[in-house]
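Subject: The structure I promised you

Hi there,

Here is the structure we talked about. Have a look at it first, and then read on for what turned up in it.

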Amino acid sequence: MEKLFSYGTLQLEQVQLDTFGRLLEGQADILTGYIVGEVEITDAAVLKSSGQRFHPALIKTGLATDTVTGTIFTITSEELANADSYEVDDYLRIEESFHSGIKAWVYVAKG
């Protein structure tokens with residue numbers, strides 16, 4: 001099983017149903033050293049699922065005072081591939097450590 005941190009649209013029920021075919025269960029957690037920016041979405045399927053033209057995107061600052069709250073979901077490898085397909089090319093998936101000590105995948109802004 002895989003761990004995936006969501007701080008944005010992957011927490012929305014409709015996005016979960018469209019992307020994974022089910023509602024996910026997870027636990028709240030905190031990522032340190034990032035702030036939330038945004039990217040403009042132009043992919044029609046993603047726009048339809050989220051209903052949002054601008055999506056949050058993490059930007060690394062490295063500062064201990066910058067934190068982002070979200071949810072860590074436990075998903076299958078296949079579901080992780082589905083999440084990769086949902087996230088547009090403006091994102092990069094990396095592994096980070098969270099306040100709880102859990103390591104999880106997270107999508108951050110490219111560049």
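Contact here means heavy atoms within 4.5 Å. With that in hand, the contacts in the protein chain with a separation of 6 or more can be sorted, and 71% of them join residues 24 or more positions apart. Please keep in mind that this is a predicted model.

**The chain as a whole**

The protein chain has three helices and seven strands. Starting at the N terminus, these elements follow the order β-α-β-β-α-β-β-α-β-β. The radius of gyration is 13 Å, close to the 13 Å that the globule rule gives for 111 residues, so the protein chain is as compact as a globular protein of that length. If you lay the C-alpha trace along its principal axes, the spans are about 35 × 30 × 20 Å. Of the 111 residues, 40% are buried. The accessible surface is about 6100 Å², and carbon and sulfur atoms hold 49% of that.

**The nonpolar core**

Which residues touch the most other members of the largest nonpolar core? They are F5, Y7, L58, V106 and Y107, in a core of 26 residues. Two or more residues of this core come from each of β1 (2-6), α1 (13-20), β3 (34-40), β4 (54-60), β5, α3 and β7.

F5 is a good place to zoom in. Setting aside neighbours within four places in sequence, F5 has contacts with D29, L31, V68, T69, G70, T71, I72, F98, A104, W105 and V106.

**Two helices and their buried sides**

In α1, the buried residues are V15, Q16, T19 and F20. These cover an arc of only 100° around the axis, which puts them on the same side of α1. Just after α1 comes G21, with a positive phi of about 75°.

Helix α3 (residues 77-86) can be viewed in a similar way: E79, L80, A83 and Y86 are buried there. Looking down the axis of α3, you will find these buried residues within an arc of 110°, so they line one face of the helix. The face turned away from that buried side carries the exposed residues E78 and S85.

**Four residues to visit**

*T71.* You will find T71 in strand β5 (residues 67-75). Is T71 buried or exposed? The relative accessible area of T71 is 14%, and the cut-off for buried is under 20%, so T71 counts as buried. The T71 side chain makes a polar contact, at 2.9 Å, with the side chain of Q11. Not counting residues up to four places away in sequence, T71 touches L4, F5, S6, Q11, G26, Q27 and A28.

*T76.* Further along, T76 sits in the loop between β5 and α3. T76 is partly exposed, at 31% relative accessibility. Beyond its neighbours within four places in sequence, T76 has contacts with M1 and E2. From T76 to V46 the C-alpha distance is 21 Å, with their positions 30 residues apart in sequence.

*P56.* Strand β4 holds P56. P56 has a relative accessible area of 21% and is partly exposed. Which residues does P56 touch, not counting residues up to four places away in sequence? They are Y7, G8, V36, G37, E38 and Y91. For one of these, G8, the C-alpha atom lies 5.9 Å from that of P56, although the two are 48 residues apart in sequence.

*A109.* This residue is in strand β7 (residues 103-109). A109 counts as partly exposed, with a relative accessibility of 25%. Leaving out neighbours within four places in sequence, A109 is in contact with A57, L58, I59 and D90. The C-alpha atoms of A109 and V39 are separated by 8.0 Å, and the two residues are 70 apart along the chain.

If you would like a route through the model, you could start at F5, one of the core residues that touch the most other members. From there, go on to T71, which is among the contacts of F5, and then to Q11, the polar partner of the T71 side chain.

Enjoy exploring, and do write back with any questions.

Best wishes

Conventions:
Residues numbered from 1 in each chain as written. Predicted model: local features only at pLDDT ≥ 70, side-chain atom pairs only at ≥ 80, totals over all residues. Heavy atoms only, no water. Helix = DSSP H or I, 4+ residues; strand = E, 2+ residues; numbered from the N terminus. Buried < 20%, exposed > 50% of the residue type's maximum accessible area, 1.4 Å probe, protein only. Polar contact = N/O pair within 3.5 Å; in protein donor to acceptor, adjacent residues only side chain to side chain. Arc of directions from axis to C-beta. Core = buried A, V, L, I, M, F, W, Y, C linked by side-chain atoms within 4.5 Å. Rg over C-alpha atoms; globule rule 2.2 N^0.38 Å. Areas by Shrake-Rupley, 256 points an atom, 1.4 Å probe, with all protein chains shown as cover.
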